[in-house]
Amino acid sequence: MSGHGTPIPMTSSPCGPLSGEAHVPGDKSISHRSLILGAMAVGETRISGLLEGEDVLDTAKAMRAFGAEVTEHGQGNWTVHGVGVGGFAEPDNVIDCGNSGTGVRLIMGAMATTGISATFTGDASLNKRPMARVTDPIALFGARAVGRSGGRLPMTIVGAADPVPVRYTVPMPSAQVKSAVLLAGLNAPGKTVVIEKEATRDHTERMLAGFGAEITVEDTDEGRVITLTGQPELKPQTIVVPRDPSSAAFPVCAAIITPGSDVLVPNIGLNPTRAGLFTTLREMGADLVYENERKEGGEPVADLRARFSPDLKGIEVDPARAASMIDEYPVLSVVASFAKGDTVMRGVKELRVKESDRIDAMATGLRLNGVAVDEGEDWWIVHGLGHGNVPGGATCASHLDHRIAMSFMVMGMAAQQPVSVDDGSPIATSFPIFEPLMAKLGAKVERTVS
Ligand code: S3P
């Protein structure tokens with residue numbers, strides 16, 4: 001759990017070329033889902049490459065509290081003995097999901113159609129985030145929720161003992177909400193239908209099929225229509241978690257803006273619902289190539305080679321791509337600062353309800369470091385200064401948000417002056433090896449003694 005300990009101020013100073021290989025950790029979205037679906041299967045699921053970040057470890061703890069046997073075998077190898085769909089036991093205590101919106105929202109969905117109650121809480125960041133987006137659809141199954149004002153945690157969910165299947169159109173582009181409804185649908189009799197107007201990451205659909213559920217996806221005029229047949233017996237799986245494109249984004253962007261760099265980031269999952277940043281960087285003129293493109297476990301995978309790109313240009317980012325790069329806008333805004341001209345990002349209202357208000361957190365920090373930014377409710381524009389012209393020199397607030405902290409550390413590598421954050425401790429939620437990994441490439445990221 002982040003945000004409960006002592007803050008860790010960090011500083012990133014301008015550095016020489018970054019070079020070498022960056023082996024980033026396992027995918028966070030797939031890691032959460034592996035544990036949750038493993039807990040809902042009957043028998044032993046084996047997972048390798050699990051992200052052992054705080055967010056995922058909190059989900060592992062939660063699955064134990066609901067009765068699954070979750071065992072760590074070292075080096076990212078885990079097993080889960082599941083209790084079957086509908087087999088969750090009532091937890092003895094409050095479930096603390098730490099910093100993780102994915103953890104809490106998916107678990108709420110998974111327990112919403114079982115006849116048990118559970119109380120959820122999180123850190124100061126998670127307890128500010130909207131939960132009505134999950135409690136509204138699970139109420140249709142028959143679950144009840146009592147939380148704080150504004151639909152915030154801590155919150156108790158009373159599961160539906162006799163759930164009914166639902167047909168639900170997700171009102172915002174959110175894979176967490178889609179997944180919560182699908183996981184709730186697992187223990188409802190009959191067919192649950194979830195419709196999303198914009199495609200979001202589809203790991204839940206792919207993995208449910210892998211675990212043996214009957215699930216179909218159709219592209220229609222209404223959007224993506226996902227139909228799940230309830231009450232399957234999920235069969236345990238052997239899962240190899242691909243490396244996280246959202247974590248790869250940091251060494252890739254660092255290499256692109258730091259003079260002389262040449263970095264290889266091997267084995268990155270390039271599911272099209274996740275790879276929008278890399279397309280955008282190439283449109284900006286980044287020297288980023290996919291090497292050794294292949295398929296692994298049904299997912300497209302490649303080694304990413306990123307080299308210093310002195311002639312980046314600002315672009316209008318296609319809003320249709322927003323969902324496929326939603327977690328990458330903070331670090332993209334850093335790259336945009338080093339590009340010539342304006343980078344315009346529209347259709348990104350969801351950024352305001354992440355671990356922090358990411359438009360506000362980045363815009364404030366970029367301005368402190370000498371970069372002009374304009375913003376509205378669902379758009380922002382970074383006025384790029386071009387390579388070599390970004391002043392830096394400021395300390396930014398990370399707002400308990402790992403991606404804000406890492407983005408400013410990337411900025412410090414190529415700015416004229418070092419860039420600091422007040423608290424880098426949230427980095428451990430998703431990328432616990434960020435500091436040694438970046439140091440090995442040649443970055444100067446240090447914990448600041450205050
Ligand atoms: C996630 C979905 C996205 C993303 C988050 C992980 C998931 O959140 O930002 O980091 O694993 O389903 P939203 O569903 O809020 O868009």
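The bounds of the domains named in this tour come from an automatic or database domain assignment, and the structure on your screen is a predicted model.

**Two domains**

Begin by colouring the chain in two parts, with domain 1 covering 10-24 + 242-447 and domain 2 covering 28-229. If you place a marker at the C-alpha centre of domain 1 and another at that of domain 2, the two markers lie 29 Å apart. Then select the residues where the domains meet: 21 residues of domain 1 are in contact with 23 residues of domain 2.

**The ligand**

Next, select the ligand and display the residues around it, which are Ser29, Arg33, Thr102, Pro173, Ser174, Ala175, Gln176, Arg201, Ile326, Asp327 and Lys354. Which distances can be followed from oxygen atoms of the ligand? Start with Ser29, where a polar side-chain atom lies 2.7 Å from an oxygen atom of the ligand. Move on to Asp327, whose side chain places an N or O atom 2.6 Å from an oxygen atom of the ligand, and then to Ala175, where the atom to pick belongs to the backbone, an N or O atom lying 3.1 Å from a ligand oxygen. How much of the ligand does the protein bury? Taken alone, the ligand exposes 390 Å², and 96% of that is buried by the protein.

**A sheet in the range 316-385**

Now select strands E18, E19, E20 and E21, which form an open sheet of four strands in the order E18-E19-E21-E20, with mixed pairing. The edges of this sheet are strand E18 (316-317) and strand E20 (372-376), each of which pairs on one side only. Helix H10 (residues 358-368) packs on the sheet and touches E20 and E21, and the direction of H10 makes about 160 degrees with that of E20.

Keep E21 (residues 379-385) selected and look at its partners one after the other. Strand E19 (residues 340-346) runs antiparallel to E21 and is joined to it by seven bridges; within this pair, Lys340 stands opposite Leu385 in E21. E20 also runs antiparallel to E21, here with five bridges, and Asp374 has Ile381 in E21 as its bridge partner. To see how the chain passes from E20 to E21, show the two residues through which a hairpin joins these strands.

**A sheet in the range 167-229**

Turn next to E10, E11, E12 and E13, four strands that form an open sheet in the order E10-E11-E13-E12, again with mixed pairing. Strand E10 (167-170) and strand E12 (215-220) are the edge strands, each pairing on one side only. Neighbouring strands of this sheet are turned against each other by 20 degrees on average, with direction ignored.

Within this sheet, select E12 together with strand E13 (residues 223-229): the two run antiparallel and are joined by six bridges, and the bridge partner of Val217 in E13 is Ile226. Then add helix H5 (residues 175-185), which lies across E10, strand E11 (191-196) and E13, and which runs at about 175 degrees to E11.

**Strands around E9**

Select E9 (residues 152-158) and bring in its two partners described here. Strand E7 (residues 117-121) is antiparallel to E9 and joined to it by four bridges, with Ser117 bridged to Val158. Strand E8 (residues 144-148) also pairs with E9 in the antiparallel sense, over five bridges, and here the bridge partner of Arg144 is Val158. E8 and E9 form a hairpin with three residues between them, and in the turn Gly150 has a positive phi of about 75 degrees.

**Two backbone details**

Most residues other than glycine have a negative phi, and most peptide bonds are trans, which is worth keeping in mind for the last two stops. At Leu153 and Pro154, show the backbone to see the cis peptide bond that joins them, with omega about -5 degrees; Pro154 lies in strand E9. Where is Gln75 placed? Gln75 is in the loop between strand E4 (69-74) and strand E5 (77-83), and Gln75 has a positive phi of about 55 degrees although it is not a glycine.

Notes:
Residues numbered from 1 in each chain as written. Predicted model: local features only at pLDDT ≥ 70, side-chain atom pairs only at ≥ 80, totals over all residues. Heavy atoms only, no water. Pairing = 2+ DSSP bridges. Contact = heavy atoms within 4.5 Å. Axes fitted to C-alpha atoms, helices over the stretch in contact; angles between N-to-C directions. Near = heavy atom within 4 Å. Polar contact = N/O pair within 3.5 Å; in protein donor to acceptor, adjacent residues only side chain to side chain. Areas by Shrake-Rupley, 256 points an atom, 1.4 Å probe, with all protein chains shown as cover.
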